[in-house]
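Me: Hi, could you walk me through a structure I haven't seen before?

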Amino acid sequence: MKKLWGGRFTKETNKLVDEFTSSIHFDQRLALEDIEGSLAHVQMLGECGIIPAEDADAIIIGLEKIEKKIIEGKVEFAVEHEDIHMNIEKMLHDEIGPVAGKLHTGRSRNDQVATDMHLYLRRKTTEIIKLVEEVQKAIVRQAEENVDTLMPGYTHLQRAQPILFAHHLLAYFWMLERDKERLEDSLKRINWLPLGAGALAGTTFPINRERTAELLHFDKMYPNSLDAVSDRDFILEFISIGSILMTHISRLSEEIILWSSQEFQFIELDDSFCTGSSIMPQKKNPDVPELLRGKTGRVYGNLIGLLTVLKGLPLAYNKDMQEDKEGMFDTVETLEGSLSLLAPMIDSMTVNQDKMYAAVSQDFSNATDIADYLVTKGLPFRQAHELIGKIVLFAIEHQKFLLDVTLEEYKSFSPLFGDDIYAVLQPKHVVDARNSYGGTGKQQVLIQLQLAYDNLNHKE
Ligand code: ARG
């Protein structure tokens, strides 16, 4: 089969070379973007009089037919035509004849592929932002239902101070909010148009890049043709943001796995999000959050992979750069899959408020509050801390929690104690007393929830 670039060749390409160099089995995902870019390019060529208007029209009609066929799933891509760009150009030849050859005037596959990927990532980034919002909505919904649910807050995975479950969940809301902001910000850089850079040096034709940019809704054009065809940092940025986002998803998944274990029993995942064991009939495994945690690894891998591909490349285009695609597609698909599952999984989980409350009442996580109590009675914090350490030790030795220590016992440690200490030690009081901005006290959590709604409704 004759290649579109076959002129200077005397031999057919080796079959193995065709297979090795071909990218069509993955870059066919760019088909619609490739056509979108070509439509803008050819319209500009026609408007600038670089090709006759009727040729431009014929090409546009041909491309639109191919687009329709692709959407209807009626095309077959061929390895011999290497990649999506040449597959579509070949289809255009079959559709409208030799005039198809005018489409590539003033353009190279190098600026073409870069443009396709900008278009693709712009669309996907916008879609992923929406998916992140769906997860945020599920978090807010669970938080709303749990503004009175007390649970132990942890440091070092040791019970530290009681908190509201809503507060814990909302921590993830803000992580996702920053991920969303990062994605939105990256759109600024995705919105640079490479087309018009040619192979590397620009073109001899009097093209109008402003017009192409306008047709494709880009805010800017790469001001340097070498940079335009060599830059993949918009993809690196996307996968970096994706890696941070997956880190957040992974930490939340890990907590969901812990919370749904027999040891915690704080939440129960809906049956529809769990799987069983082929040997142990009693098991209900949290496979979904485990896989979310596991898939984080492949996104990090995609980032390191692309960084490594790019680090030693001289300008401008090198075939190595074709390796930018699979990691990008895989990251997009992993993020889409993960976020789509996370939202309904959070939404459908059951919160075991009694278990959480039992955990809070049977520990020493109110110890800080006795110290704060003594501080309000005039004792310096360091001294109070030392004293409460002793009280905790005493309580452990006598198999009591702090609410069970008698007033006489307290008074034997310090005359500053009065019977108002017991109200201070109630878990609910302990939580609500943390009424500083951003704290876990209910009043603050309600303010935080309102802020979360406002962010979701884009009124800041
Ligand atoms: N399939 C190629 C890629 O993805 C398109 C650009 C090819 N350019 C070239 N000069 N061979 O990188």
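Reply: Happy to; here are some notes on its salt bridges and where their partners sit.
Reply: This is a predicted model, in which local features need pLDDT of at least 70, side-chain atom pairs count only at pLDDT 80 or more, and totals for chains, interfaces and linings use all residues. Residues are numbered from 1 along each chain as its sequence is written, and side-chain values use heavy atoms, leaving out hydrogens and water.

Me: Okay, how many salt bridges are there?
Reply: The count comes to 38, where a salt bridge is a side-chain nitrogen of Lys or Arg within 4 Å of a carboxyl oxygen of Asp or Glu.

Me: What does K319 pair with?
Reply: K319 meets E82, at 3.0 Å from N to O. E82 lies in the loop between helix 4 and helix 5, and K319 in the loop between helix 11 and helix 12, so the pair ties together parts 237 residues apart in sequence. Helices here are DSSP runs (H or I, at least four residues), numbered from the N terminus.

Me: Is E82 buried or exposed?
Reply: E82 is buried, at 8% relative accessibility, while K319 is partly exposed at 35%. Buried means under 20% relative accessible area, exposed over 50%, and partly exposed in between, using a 1.4 Å probe and protein chains only.

Me: And what about D347, which residue does it bridge to?
Reply: D347 bridges to R141, with the closest N and O atoms 2.5 Å apart. D347 lies in helix 12 and R141 in helix 6, so this pair links parts 206 residues apart in sequence.

Me: Which residues join into one network?
Reply: E33, R123, K124, E127 and E336 do, through salt bridges that share partners.

Notes:
Helices (H or I, at least four residues) and strands (E, at least two) are DSSP runs, numbered from the N terminus.
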